[in-house]
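Here is a short note for a colleague who is opening this structure for the first time. Please read the points with the model in view.

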Amino acid sequence: MKTFFSRVIALCLVGSAVISQGAIAANEEVNTHDPYEMIKQVSSMTFDRFKSDKALINDDLSHLKVIVREELMPYVDYKYAAYKVMGQYLSDTTVDQRNRFVEAFEGYLVATYAQALTEYTDQKVAFDPPSDFSDEKIVEVNVQILEQGRPPIKIQFKARRLKDNTWKAFDLVAEGVSLLASKQSEISNLIRQQGIEAVITMLNDKTQQRIDRQPVKEAAAA
């Protein structure tokens, strides 16, 4: 399941720009008041940065973390996701522990997304038409990953409306399985077994792990 999610993340972050209607201009602001447009624009920006920084990536794969942090994370509600992942144990933590957990979880997401980008192999992504979201607080952006010789993979980006009426993404659902829910189950169990401090240390350790090119990427590049 971890490998499947990593592959889906990579395809969505980079592949979506392949058939989107024009890439966002370098000096154009992301439309955070439209969750559908925001996700398409952020995907395009990530794809463009991925291409323009190819030499830097080939020289040092850790540069993928820079791309993820600068192009993607400003549009991810990682604090909300971190609190959801803590679940019932949120109320048992101090303010300092919550702040450090959020910071560690953000770093963990950056490392996870950066590692996922090493698996991109030029697939295409199709966005479903947007729906009216004027009265919605949470929106699901439906996407299909298209790869020749394989059935489409159906996924959803979940985005939530913030108090200032802008939107941020907080979850990815692949074939009915929520990345956030799976992390909540995994991490909340670790908090119960080992305590919040041990989990913060674990997340920070994972954040520091080197980015390695996956074997499938090597095969595709050969």
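1. Start with α7 and α8. These helices are oblique to each other, because the angle between them falls outside the classes with other names (under 35 degrees is roughly parallel, over 145 roughly antiparallel, 65 to 115 roughly perpendicular, and the rest oblique). They pack at an angle of about 130 degrees, with axes 7 Å apart. Axes are lines fitted to C-alpha atoms, for helices over the stretch in contact, and angles run from 0 to 180 degrees between N-to-C directions. From α7, Ile 187, Leu 190, Ile 191 and Gln 194 meet Ile 196, Ala 198, Val 199, Met 202 and Leu 203 of α8. Contact here means heavy atoms within 4.5 Å. By class, this contact has eight nonpolar residues, one polar and no charged. Ala, Val, Leu, Ile, Met, Phe, Trp, Tyr, Cys and Pro count as nonpolar, Asp, Glu, Lys and Arg as charged, and the others, Gly among them, as polar.

2. A word on the basis. This is a predicted model, in which local features need pLDDT of at least 70 and side-chain atom pairs count only at pLDDT 80 or more, while totals for chains, interfaces and linings use all residues. Residues are numbered from 1 along each chain as its sequence is written, and side-chain values use heavy atoms, with hydrogens and water left out.

3. Check confidence next. The pLDDT is the predictor's confidence in each residue, from 0 to 100. Its mean over the protein chain is 84, and 82% of the residues reach 70 or more. Helix α8 (residues 196-208) has the highest confidence, at 96, and helix α9 (residues 215-221) the lowest, at a mean of 43. Two stretches call for care. Residues 17-27 have pLDDT below 50, with 21 contacts in the model beyond near neighbours in sequence. Residues 216-222 are also below 50, with four such contacts. Where pLDDT is low, the predicted coordinates should not be read in detail.

4. Now the overall layout. The protein chain has nine helices and five strands. Helices (H or I, at least four residues) and strands (E, at least two) are DSSP runs, numbered from the N terminus. Along the sequence the pattern is α-α-α-α-α-α-β-β-β-β-β-α-α-α. Of the 222 residues, 46% are buried (under 20% relative accessible area; exposed is over 50%, partly exposed in between, with a 1.4 Å probe and protein chains only). Among contacts between residues at least 6 apart in sequence, 64% join residues at least 24 apart.

5. Helix α5 has two packing partners to inspect. With helix α6 (residues 95-117), α5 (residues 78-86) packs at about 110 degrees, the axes 9 Å apart. That makes the two roughly perpendicular. Their contact includes Tyr 78, Tyr 83 and Met 86 of α5 and Phe 101, Phe 105 and Leu 109 of α6. It divides into ten nonpolar residues, no polar and three charged. With helix α7 (residues 179-194), α5 packs at about 55 degrees, the axes 7 Å apart. These two are therefore oblique to each other. Ala 81, Lys 84, Val 85 and Met 86 of α5 meet α7 residues that include Leu 180, Ile 187 and Ile 191. This contact has six nonpolar, two polar and two charged residues.

6. How are the strands ordered in the sheet? The open sheet runs β1-β2-β3-β4-β5, with antiparallel pairing. Two strands pair if DSSP finds at least two bridges between them. The edge strands are β1 and β5 (177-178), each pairing on one side only. Four bridges link β1 to strand β2 (residues 138-146), and Lys 124 stands opposite Leu 146 in β2. In β1 (residues 124-127), Val 125 and Phe 127 form the covered face, Lys 124 and Ala 126 the uncovered one.

7. At the other edge, two bridges join β4 to β5. Val 173 lies in β4 and has Ser 178 of β5 as its bridge partner. Val 173 is buried, with a relative accessible area of 10%. Among the residues it touches are Lys 154, Ile 155 and Ser 178.

8. Finally, look at Asn 165. This residue sits in the loop between β3 (153-161) and β4 (167-174). Its phi is positive, about 75 degrees, although it is not a glycine. Most residues other than glycine have a negative phi. At 38% relative accessibility, Asn 165 counts as partly exposed.

Notes: Lists of a residue's contacts leave out its neighbours within four places in sequence.
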